[in-house]
Amino acid sequence: MINLVKPLLPGSTIGIVGGGQLGRMMTISAKEMGFKVGVLDPVSGCPAAQVADWHIESSYDDTFALEELARRTDVITYEFENVSVEALNAILPKSFIPQGTDLLAITQDRLLEKSFLETNNIVIAPYATIVSPTDIQDAIDGIGYPCVLKTTRGGYDGKGQCVLYGRADLAPAMDLLRKGTCVLEAWIPFEKEISVMVAGNGQGEYTTFPVVENVHRNNILHETIAPARVPAEVVEEAERIAKVVAKAVNLSGVLGVEMFLTKTGGLYVNELAPRPHNSGHYSIEACSMSQFDAHIRGICGWPLSKIRLLSDAVMVNVLGEQLLESYRLIEKKPDWQFHFYGKSQAQKGRKMGHITILTEDTHETLEEIYQTNIWD
């Protein structure tokens with residue numbers, strides 16, 4: 001990995017592979033810092049392209065398009081982990097990708113991710129590799145029910161996984177195995193799901209955002225509560241784990257670490273996200289620096305400061321089925337911060353925006369969200 005000798009200065013051009021909402025919010029931060037931004041994404045008028053300086057309309061694995069992106073930019077980043085590692089590796093000699101491709105490869109493959117975490121002495125759920133249907137029963141005998149079968153690649157927002165509560169669930173699980181090698185994980189009886197964003201600048205500087213508490217519905221993030229309502233020692237351990245991961249990859253930019261918290265205070269890392277994360281959106285209003293500012297600073301080699309939480313906050317996602325109803329809240333909730341992503345089609349389960357509410361009473365705010373009857 002190349003390290004910047006000097007920070008990248010305003011006026012330089014940042015290339016973003018991926019044009020979704022994360023790329024859009026990265027672009028907004030970059031533009032505020034004085035950078036130019038180009039986006040590579042196959043969708044015309046994608047969220048990031050609406051605010052960027054220019055747009056290369058092409059697939060993420062198009063080496064020729066990536067080479068054009070490299071020619072026109074001073075630094076390249078990516079906004080999601082399903083970018084082709086092989087295609088990025090092909091342009092590495094002609095480009096500057098501070099995040100490198102090792103972290104991307106690790107987070108694209110659940111087996112690689114688990115091996116990486118184990119190597120760094122980070123606690124994860126017991127698991128077994130499943131290559132064929134005959135492997136499942138042997139693995140279940142060791143892990144027990146309930147357990148979760150997951151594809152090794154391509155899963156997000158609950159896609160590519162199946163919870164097994166008993167033998168009756170084995171038949172549906174076979175559909176996943178037809179897609180290739182899977183991982184069978186023990187079900188962790190967690191009390192809360194938490195996450196922490198950590199940022200690095202490739203120069204050995206790291207900073208963590210507040211540990212937050214996440215509520216999922218149908219495997220999609222519904223609400224994030226900042227800060228997490230957990231003991232101080234849990235916060236300390238979560239931050240320690242995040243920094244261990246960041247240092248192991250000489251992190252440039254932002255990385256999300258998702259964890260399960262058990263009743264006894266144990267922490268199990270569930271997943272890594274090698275870019276800004278949905279559960280960090282609250283930071284735009286609630287922190288001294290947003291996760292997107294930290295990401296841009298990180299990939300450009302700028303110094304990173306200690307992150308301060310300026311206000312408690314609750315972030316709630318707006319999915320396709322909630323979009324129209326959420327519009328009517330604009331007039332009713334003047335203190336709520338509305339973010340809409342500019343996606344052309346509102347589909348059920350698709351993230352169309354989010355709302356952040358700064359609060360002095362988290363319980364009261366959660367009740368206020370519930371009383372809108374939009375997120376039933």
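Is Glu271 buried, exposed or partly exposed? In this predicted model, Glu271 has a relative accessible area of 25% and is therefore partly exposed. The side chain of Glu271 meets that of Arg110 in a salt bridge, with an N to O distance of 3.7 Å. Because Glu271 belongs to strand β14 (residues 267-273) and Arg110 to helix α5 (residues 110-119), the pair ties together parts that are 161 residues apart in sequence. Arg110 has a relative accessibility of 10% and so counts as buried.

In the whole structure, 13 salt bridges were found. Another of these links Glu368 and Lys333, whose closest N and O atoms are 2.9 Å apart. Glu368 is placed in helix α13 (residues 362-371), while Lys333 is in the loop between α12 (329-332) and β16 (337-340), so this salt bridge ties together parts that are 35 residues apart in sequence. With a relative accessible area of 28%, Glu368 is partly exposed. Lys333 is buried, because its relative accessible area of 18% falls under the 20% limit.

A salt bridge within a single helix is formed by Arg240 and Glu237. The closest N and O atoms of this pair are 2.9 Å apart. Both residues lie in helix α8 (residues 232-248), where a spacing of three residues corresponds to about one turn of the helix. Arg240 is partly exposed at 41% relative accessibility, and Glu237 is also partly exposed, at 30%. Salt bridges also link Lys114, Lys150 and Glu185 in a network.

Four strands form an open sheet in the order β5-β8-β6-β7, and their pairing is antiparallel. Strands β5 (127-130) and β7 (161-164) are the edges of this sheet, each pairing on one side only. From one strand to the next, the twist averages 20°. Strand β6 (residues 147-151) and strand β8 (residues 182-186) run antiparallel and are joined by five bridges. In this part of the sheet, Thr151 is opposite Cys182 of β8. Helix α7 (residues 170-177) lies across β5, β6, β7 and β8. The direction of helix α7 is at about 155° to that of β7.

How values were computed:
Residues numbered from 1 in each chain as written. Predicted model: local features only at pLDDT ≥ 70, side-chain atom pairs only at ≥ 80, totals over all residues. Heavy atoms only, no water. Salt bridge = Lys/Arg side-chain N within 4 Å of Asp/Glu carboxyl O. Helix = DSSP H or I, 4+ residues; strand = E, 2+ residues; numbered from the N terminus. Buried < 20%, exposed > 50% of the residue type's maximum accessible area, 1.4 Å probe, protein only. Pairing = 2+ DSSP bridges. Axes fitted to C-alpha atoms, helices over the stretch in contact; angles between N-to-C directions. Contact = heavy atoms within 4.5 Å.
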